[in-house]
Amino acid sequence: MNNDIIIFGAGGRVGRAAVAEAVSRGHRVTAVVRDPVKHRDLGGERVTVVRGDVTDPHAVAALAVGHDAALNASVRLDIGSEEFFAAAASALITGLGEAGVRRLLTLGIATTLETSPGIRIMDGPEFPEAWRAFAQGHVAEYELLSQAGPELDWLMVVPPLDLNADAEPTGGYRTAIGTVLDGPGRISHADLAIAVLDEIETPRHSRVQLAVTAAAPHSSGGA
């Protein structure tokens, strides 16, 4: 079944990969960017490029009406991480609720994943403080989403530390709930987009951090 998907941050690398994967599957996409003039190449038969602010609940509600699912792939580096991701989470919870959109996927960061029970990558004593501050934004985002009511079916998809534009696509991926995956911690944008679209088409995980990394050689699909 074809879906109408709204993608915030569609102009970034992950956002663009998600748009391409969605279109390849026959879905219709509303690609939300801060400046449509800079992203005219995103438009197409199944893609409508619009201006929007993911931290504005009124804008989220107005743009999201009529869509089946939303993806937040946005990021801003000109303001504090915690300020941005908390504002985005709050706006999405409110705006999607008003628009009647139940499924939300958002991108997390690997440093918030656990290496052992209760211990995250970002908790290490030698972990750089600047990175910890950025990771804290996703922690705040996760906490706010966790407080959302049951009407929002959300999922935080977390790529490995090496989310690499030059990584060779495998056509598949492996997953774990909230923990770092064994094996090479690398994934291509294309493979991450496959995982995201799989969860939009057939939701299998909800209200958790879903760690995603590249598939083992000669394998495909999610785990």
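**Chat about the sheet and its helices**

Modeller: Happy to start with the sheet: in this predicted model, 8 strands form an open, mixed sheet, ordered β3-β2-β1-β4-β5-β8-β12-β10.

Biologist: Nice. Which are the edge strands?

Modeller: Those are β3 (47-51) and β10 (173-177), and each of them pairs on one side only.

Biologist: And what does the twist average from one strand to the next?

Modeller: The average is 25 degrees.

Biologist: Back to β3 for a second. Do β2 and β3 pair in the parallel or antiparallel sense?

Modeller: Parallel: strand β2 (residues 28-33) pairs with β3 over 5 bridges. Val33 stands opposite Arg51 in β3.

Biologist: Cool. Now the helices: which strands does α1 touch?

Modeller: Helix α1 packs on the sheet and touches β1 (4-8), β2, β3, β4 (69-72) and β5 (103-107). Its direction makes about 170 degrees with that of β1.

Biologist: What about α4, which strands does that one lie across?

Modeller: Helix α4 (residues 129-146) lies across β4, β5, β8 (153-158) and β12 (209-214). It runs at about 160 degrees to β8.

Biologist: Changing topic: at what angle do α1 and α5 pack?

Modeller: Helix α1 (residues 13-24) and helix α5 (residues 189-201) pack at about 60 degrees, with axes 8 Å apart. The two are therefore oblique to each other, and α1 passes α5 in a right-handed crossing.

Biologist: Which residues meet there?

Modeller: From α1 you have Arg13, Val14, Ala17, Ala18, Glu21 and Ala22, meeting His189, Ala190, Leu192, Ala193, Ile194 and Leu197 of α5.

Biologist: How many of those are nonpolar, polar and charged?

Modeller: The contact of α1 with α5 has 9 nonpolar residues, 1 polar and 2 charged.

How values were computed
Residues numbered from 1 in each chain as written. Predicted model: local features only at pLDDT ≥ 70, side-chain atom pairs only at ≥ 80, totals over all residues. Heavy atoms only, no water. Axes fitted to C-alpha atoms, helices over the stretch in contact; angles between N-to-C directions. Helix = DSSP H or I, 4+ residues; strand = E, 2+ residues; numbered from the N terminus. Parallel < 35°, antiparallel > 145°, perpendicular 65-115°, else oblique. Left-handed = near helix turned anticlockwise from the far one by under 90°. Contact = heavy atoms within 4.5 Å. Nonpolar A, V, L, I, M, F, W, Y, C, P; charged D, E, K, R; others polar. Pairing = 2+ DSSP bridges.
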